[in-house]
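Colleague: I am still learning to read models of this kind, so please take one short part and go through it closely with me. After that, please say something about the cysteines.

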Amino acid sequence: MKITVFSGSHKGREGNTLIMVEEFLKGAEEAGAETENIVLTEKNIRYCRGRFECWLKTPGVCTIHDDMDDLLPKFMASDIVVFACPVYFDNVPSVMKNFIERLAPALLPHFEEDDRGEYRHAKRYEKYPKFAVISNAGLPEKANFEVESLFFRRLTRAFHTELIAEIYRGEGEVFRGQKNIMLKPLIGKYKKLLKSAGKEIVENHRLSEKVAEDLEKPIVPPSLYIKFGNEEWDKLIKEYQKDEK
Ligand SMILES: Cc1cc2nc3c(=O)[nH]c(=O)nc-3n(C[C@H](O)[C@H](O)[C@H](O)COP(=O)(O)O)c2cc1C
């Protein structure tokens, strides 16, 4: 089984989301999956020009030649694609949206009705990868993932596939405290859950209720996260201002 993660943090390999991805992939690899994590900021991906040339002029192939020449075949050759990104203003970051828009050649232009009586573009290929989402938000509440969750559900429908897991981590900046003596065991526990999630996705193509439920629990009480978070912001502002002088 091939799992490809498309990682869309603008911080590239420095991001909190990447910590989540790494643990998830450890579990997936232990369960026997072949995995690849593609960091989108390291790729040259130009904007879709919106002319439908991939549907009209060169059917199934984009007329822009950049790193998507390799990434679209990798996307299609995967059994599971994981979209991994932070939340930026309640939505996916632009690097992720840019990548997703360039997936258009994988569909046909023609409209067809789905089983709910709603229209979408028809399939170009018989089979599409299953989708999963890993996302990280700085704020604590689940509401911060509402737009993303709806977006990925709609994208799944557009790509004639299934959304087999949504892993949303509020309080996402907690990972910055990985070396903190109090936070280390709590983060360690959450990382174990991510590993179990990776394993379950390979073995069952779904998350068990227990793992899904435990993944949603706060790592630290939200009131403490906000208190220490604000103290950390003050400290960082002071440090940056001092360096500027
Ligand atoms: C431009 C921008 C917008 C953001 N918007 C939100 C937001 O709407 N809700 C939220 O909870 N966090 C928001 N964040 C915080 C990030 O989601 C958070 O820092 C996350 O941990 C970053 O993940 P990364 O390290 O993988 O990039 C935003 C961050 C940036 C830079």
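**A close look at helix H7**

Modeller: In helix H7 (residues 209-216), the buried residues are Val 211, Asp 214 and Leu 215. Buried here means under 20% relative accessible area, exposed means over 50%, and partly exposed lies in between, with a 1.4 Å probe and protein chains only. Helices (H or I, at least four residues) and strands (E, at least two) are DSSP runs, numbered from the N terminus. The model is predicted, so local features need pLDDT of at least 70 and side-chain atom pairs count only at pLDDT 80 or more, whereas totals for chains, interfaces and linings use all residues. Residues are numbered from 1 along each chain as its sequence is written, and side-chain values use heavy atoms, leaving out hydrogens and water.

The three buried residues of H7 cover an arc of only 100 degrees around the axis, so they lie on the same side of the helix; the arc is that of the directions from the helix axis to the C-beta atoms. The face turned away from this buried side carries the exposed residues Glu 209 and Glu 213. Among the elements that cover the buried residues of H7 are strand S7 (163-169) and helix H6 (183-204), where contact means heavy atoms within 4.5 Å.

As for the cysteines, the structure holds zero disulfides, a disulfide being a pair of cysteine sulfur atoms within 2.5 Å. For Cys 48, the nearest cysteine sulfur, that of Cys 54, is 6.6 Å away, and Cys 48 is partly exposed at 36% relative accessibility. The sulfur of Cys 62 is 6.0 Å from the closest cysteine sulfur, in Cys 54, which is too far for a bond, and Cys 62 counts as buried at 18% relative accessibility.
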